[in-house]
Amino acid sequence: MTRLVNQKLSKVVYKPDSQLRNPVRLCQEMARDLLASRELAWQLMVRDISAQYRQSLLGICWAVIPPIITALGFTFANNTNIVNIGATDMPYPAYVMFSMTLWQTFVEALTSPIQAVTSAKQMLVKINFPREALILAKLGQIFFSFAIKLILIIALFLWYQIPVSWTAILAPVALIHLVILGTCFGLLLAPLGVLYNDILKGITYLTGFWLFLTPVVYPLPNGGGLATLVQLNPVTPLLVTTRELTTTGVVSNPFGFWLVSLLAIVGLLLGWLVYRLAMPFVVERISS
């Protein structure tokens, strides 16, 4: 469905021809709308962050409360031998707190596209604007939330006197790849997620199970069936590499990291394309 904009009448006309028939024009329009959405994305991000913490007694503390509670729970279980976590390369409270922060950043990147489109239903129906602005605004919120959690992580590292490798300056690159992976899944699911609430509810249960297939609260297993599942988990090499670049400086699985990173980038472009092509139909559906 090709979109033509009449500047004088300010109308949008949809034609039955698929935009995929002219991929060069489609890529040009996608790049143009991405650049044009920057200012709107900034305004939406500031508005959403302000609204999120304005009517809250604890304010931005809610950004760190979930990983703190999870870290306290698993630390208690480990110290009382309820579960046998195994040896970690840093004190366990700092290990699980850091890992949970990375995991929650991935989950936020996964769910944010769906939440962005769902919360902007009325805006999508009434106003014609680059849909990419919704996604960029949510990405900004994700990194803002991570920056708040990073303050607590730095405090834990100082408290336990954990040495930080010089490769920590490269850790943001791995973190961005982790966010790209989550965003790619989110973009692919966003069109369905805005039409069916079951998608977001299903993701909540899925990520709860997915957490235990990711070395977040335990170190990488050496063998057995769990080790195979953990190694096949696409989040594992990205999350572990981010953690290793920060602490030891030795990347245990560089091939897996770059393979998943490449697939994540390709998946992000594919997700963006699906999101771009599907949104006109979604807007038509929710407006009827």
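At what angle do helix α6 and helix α11 pack, and how far apart are their axes? In this predicted model, helix α6 (residues 132–159) and helix α11 (residues 254–287) pack at an angle of about 135 degrees, and their axes are 11 Å apart. Angles over 145 degrees would count as roughly antiparallel and those from 65 to 115 as roughly perpendicular; α6 and α11 are therefore oblique to each other. On the α6 side, Glu-132, Leu-134 and Ile-135 take part in the contact, and they meet Trp-272, Tyr-275 and Arg-276 of α11. Sorted by character, the residues of this contact comprise four nonpolar, no polar and two charged.

A database record helps to place these helices along the chain. An unreviewed UniProt entry carries the annotation "transmembrane region" for residues 57–77, 92–114, 135–160, 166–190, 202–220 and 255–275. Two of these spans can be followed in the model. Residues 92–114 are 100% helix and 0% strand, with their end C-alpha atoms 33 Å apart. Residues 166–190 are 80% helix and 0% strand, and here the end C-alpha atoms lie 38 Å apart.

Aromatic side chains come next. The whole structure contains seven aromatic pairs. One of them joins Trp-103 and Phe-106, whose rings are tilted, at 5.5 Å centre to centre and with 40 degrees between the planes. Both residues belong to helix α4 (residues 92–119) and, being three residues apart, they are separated by about one helical turn. Trp-103 and Phe-106 are both buried. In a second pair, the rings of Phe-185 and Trp-210 have centres 6.2 Å apart and planes at 50 degrees, so this pair is also tilted. It links distant parts of the chain, since Phe-185 sits in helix α7 (residues 171–195) and Trp-210 in helix α8, 25 residues apart. Phe-185 has 27% relative accessibility and so counts as partly exposed, whereas Trp-210, at 15%, is buried. Together, Trp-103, Phe-106, Phe-185 and Trp-210 form one aromatic cluster.

Trp-103 also has a part in the surroundings of Thr-214. Thr-214 is found in the loop between α8 (198–210) and α9 (225–232). Is this loop residue buried or exposed? With a relative accessibility of 0%, Thr-214 counts as buried. Leaving aside residues up to four places away in sequence, Thr-214 touches Trp-103, Asn-233, Val-235, Thr-236 and Leu-239.

Phe-76, in helix α3 (residues 65–79), offers a contrast: its relative accessibility is 52%, so Phe-76 counts as exposed. The C-alpha atoms of Phe-76 and Pro-93 are separated by 9.4 Å, with their positions 17 residues apart along the chain.

Methods. Residues are numbered from 1 along each chain as its sequence is written. This is a predicted model: local features need pLDDT of at least 70, side-chain atom pairs count only at pLDDT 80 or more; totals for chains, interfaces and linings use all residues. Side-chain values use heavy atoms; hydrogens and water are left out. Axes are lines fitted to C-alpha atoms, for helices over the stretch in contact, and angles run from 0 to 180 degrees between N-to-C directions. Helices (H or I, at least four residues) and strands (E, at least two) are DSSP runs, numbered from the N terminus. Angles under 35 degrees count as roughly parallel, over 145 as roughly antiparallel, 65 to 115 as roughly perpendicular and the rest as oblique. Contact means heavy atoms within 4.5 Å. Ala, Val, Leu, Ile, Met, Phe, Trp, Tyr, Cys and Pro count as nonpolar, Asp, Glu, Lys and Arg as charged, and the others, Gly among them, as polar. UniProt positions are given in the numbering used here, feature names are shortened, and annotations may be inferred rather than shown by experiment. Buried means under 20% relative accessible area, exposed over 50%, partly exposed in between (1.4 Å probe, protein chains only). Rings of Phe, Tyr and Trp (its six-membered ring) pair if their centres lie within 6.5 Å; planes under 30 degrees apart count as stacked, over 60 as edge-to-face and the rest as tilted.
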